[in-house]
Amino acid sequence: MNETATVRTTCPYCGVGCGVLIARDAHGAVSVQGDPEHPANFGRLCSKGSALGETIGHEGRLLHPEILGASAAWDEALNEVANRFRRTIARHGPDSVAFYVSGQLLTEDYYVANKLMKGFIGSGNIDTNSRLCMSSSVAGHKRAFGEDVVPGCYEDLEQADLIVLVGSNAAWCHPILFHRIAKAKKQNPALRIVSIDPRRTATCEQADLHLSLKPGSDVALFNGLLTYLRRNDRLNFAFLEHHVRGFSSTLEQAQATMPSIPAVADACGLKEDEIATFFQWFARTEKTVTAWSQGVNQSSSGSDKVNAIINVHLATGRIGKPGMGPFSFTGQPNAMGGREVGGLSNQLAAHMELDNPGHWQIVSRFWKAPQLARKPGLKAVELFQAIAAGHIKALWVMATNPAVSLPDVKAVRRALKSCEFVVVSDCEDETDLKAYAHVRLPALAWGEKDGTVTNSERRISRQRPFLNPPQEAKPDWWLVTEIARRMGYGEAFPYRSVYEIFREHARLSGFCNEGQRVFDISLLAEFDARAYDTLQPIQWPVTDRRPYGTARLFGDGRFAHPDGKARMLALQPKAPVNAVDEAYPLILNTGRIRDQWHTMTRTGRSPRLNQHINEPYAEIHPIDAARFAIQNGALCRLESRWGEALARARIGEDQRPGSVFLPMHWSDRYAKRALANALVNPVADPISGEPESKHTPIRIEAYQPAWHGFLISRKPQDVPDTSWRVTVRGDGYWLYELAGEAAPEHWPIWARRTIAGQLEGDEWLDFVDPAIGRYRCALLRQGRLMSCLFISPTHELPPRNWLVGLFTEAELPVKSRMSLLAGRPASAEDDQGRIVCACFSVGLNTLTRAIRAEGYTTPEQIGAALRAGTNCGSCIPELQTLLAASSMKVTSR
Ligand code: SF4
């Protein structure tokens, strides 16, 4: 590997799939920039992508194979896995074992894992965490188009005159796409944006219309839109006649269920005039893109919601042409690649179906695998239920953490504990899954991996290594190949390098494919190592007829169903499975935040990313807060029929009354009692198997521990077990948010025991007020602040950002010492507030003061003065919110 050459690779986080340029200097220091030539991002990176350089160290990595917690040689560990799987299959049959894999895997890793399980073990029991984020879109695409195909491309978002975002907080979850949308709106003032989401999110800052619909009522809304389009003669009958089946029954059902705007308003909890505006805009705007994400997919009727959206695009013929079409934004970096190789338990490889005998023959012949699985395997939620029931006896989890991310996660943990044999292959050491693993296999991390990923617009890009594999860590494809060989399938797994796997995958896509399957990259099948290495980002299909890839599909009205026609589906709006009741009167909605990714194994390491939101919070509407006596900034307890969690209350009107939002990122590693999925109901869409992560009935109450506190220290501390705890890694410090149900007898003694690493000559500053239960202390070394601890009987504690600032001082001035002991900053300017711009650490208070004092009205003015928003731009929607709030205050004065 050339240590100083620039490497072109791809961001490992969301489904936008941005190109990244890595440069290393002669000392090995890595710098990360957006790739100006990558067609997904043209040089931009969001906050997460920009901070990638902070996540690539070897600290916290799993670097050696382990059996029962003890280091083992590779041979020993691989033989143990192969033997245990072989013995289990011999005794209990192929369906007694399973793989649970991940959208973090590269396509080549995914391909061999699927080939081993379905082709040679002979079971369909391989499923993926992509089941949790986009399997409803897969089901919707297959039902409508005959194949899992996203018809459009990112450019359509720039060419549209109307963009409808449904259940998508793109500003936080697909930031670079959102940036492209915002830029397009600036260049084309006629472009309108509609956000359809129960929650008012950062995305709404760009929206001309926000429809805060009742959770789960999307099918009603789109059925109503279809009725409206028919009534107003806005359907494309020529397209319907030649290219679509199922129109009459679909329209009939739509008219029967949603005959009028008042009916839609009633079903969706919206005002009639806002619905009328949306319907009019949609009816009159030919160039319309409807994009959706997890808010649509993660539902017990997610597949129907997807088809309800596709229905209106088919009815208007707005599909596969510039600036128009239905568009699913995928959550993970390689969710799409996993779909291509059959990573879901109900698929075969290369977009073929397990329940299609012709497809079965093709794959069986190609792999020379007569024992190829004949029936679909278990989907994620069912899979862990089958483990709990004792049906699955050996499980291999690759690059994901079901002990945090699956619904009803406490039941999942019990299932893992009961499983006879659990293998975990991961690049991370300290995950919540560690406790359940019998064998652990060290895998490569981003920066070391070599392979391909496919983004939301079907674009295949290379992930290229720029770091050497550390110690004994190995590629995932190598692990699977070695196990396959040891299980006796060596002939079918001859791979020595990753491009050989890619070639086979590309060959299979064209095998016996006379144009029946849209997924076809057969032109790439003859790649040699060099061609593979220099592969430029390209959208599939890539064939002799389409050598430069394909931006759009279905524009000619030819779909992948055998008769070439798309299908509209008659849909009955359905309520979520578990309704609120007296005992559990609120709806829990879970999701992502701007600067964290999944279970924070990588982003939690980045001090920059930990600044924006650094602890689990529950967003609650003021009406509900008043009803349940919850105070802003205090801790609250959320409880469902499946479990409980604690979180900091954030009260605000962005939430719909009756709904509570809780981010899903915090694991036991970073917080105690904060698992969002402990609450989430294990209900799934019956067609796609995707869990209903956006709708669980809950109740909330104030959580009133005996004490609240926090500790900030330059060094990580082994904090005693407390009732609630959050660990945050900052730039040069560690912050621990704490709360306890019983207070120690003497806080000074507790503090001296808790803060480790004191030296003789260190200075203690103490303040104790036993009457009201307040305590604060600071440890200084030669005048430099080393640690500070603040305890209070209430949640009202000093601003952390002010104290964190004191850690940058080489020696604390007298003024700071006094304010430290007084527990408040000497002046308001010392507290810049919660960080909004992570790139330049610009806080909320600083921004608010500057907006007020200088009268700024645009993010550009703020950027020129404070630099906020001038790097990755991820905070611009929040800057717009602050500007809007300020202008409202000025207007109302
Ligand atoms: Fe990575 Fe951000 Fe691009 Fe997503 S939008 S791929 S997280 S840089």
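Which cavity is the space taken by the ligand? In this predicted model, the ligand takes the space of the second largest cavity, and the close-up views below take up that site before turning to a sheet.

**View A. The ligand and the residues that surround it.** The ligand is surrounded by Cys11, Tyr13, Cys14, Val16, Gly17 and Cys18, together with Leu45, Cys46, Lys48, Gly49, Pro175 and Ile176. Helix 1 (47–50) and helix 7 (175–187) each contribute at least two residues to this shell, which by class comprises nine nonpolar, two polar and one charged residues.

**View B. The second largest cavity, computed from the protein atoms alone.** Seven cavities of 30 Å³ or more are found in the structure, and the second largest of them has a volume of about 80 Å³. Among the residues that line this second largest cavity are Cys11, Cys14, Cys18 and Cys46, as well as Lys48 and Pro175. Helix 1 and helix 7 each supply at least two residues of the lining, and the lining residues divide into nine nonpolar, two polar and one charged.

**View C. An open sheet of three strands.** The strands follow the order 17-18-19, and their pairing is antiparallel. Because strand 17 (451–454) and strand 19 (538–539) each have a single partner strand, they stand at the edges, and one side of each is left without a neighbour in the sheet.

**View D. The pairing of strand 18 with strand 19.** Strand 18 (residues 459–463) pairs with strand 19 in the antiparallel sense over two bridges, and isoleucine 460 stands opposite isoleucine 538 in strand 19.

Key:
Residues numbered from 1 in each chain as written. Predicted model: local features only at pLDDT ≥ 70, side-chain atom pairs only at ≥ 80, totals over all residues. Heavy atoms only, no water. Pairing = 2+ DSSP bridges. Helix = DSSP H or I, 4+ residues; strand = E, 2+ residues; numbered from the N terminus. Near = heavy atom within 4 Å. 1 Å grid on protein atoms, 1.4 Å probe; cavity = no way out; pocket = protein on both sides within 12 Å on 5 of 7 lines; lining within 4 Å. Sits in = over half its atoms within 2 Å of the grid points. Nonpolar A, V, L, I, M, F, W, Y, C, P; charged D, E, K, R; others polar. Points joined across faces, edges and corners; volume = space filled by probe spheres on them.
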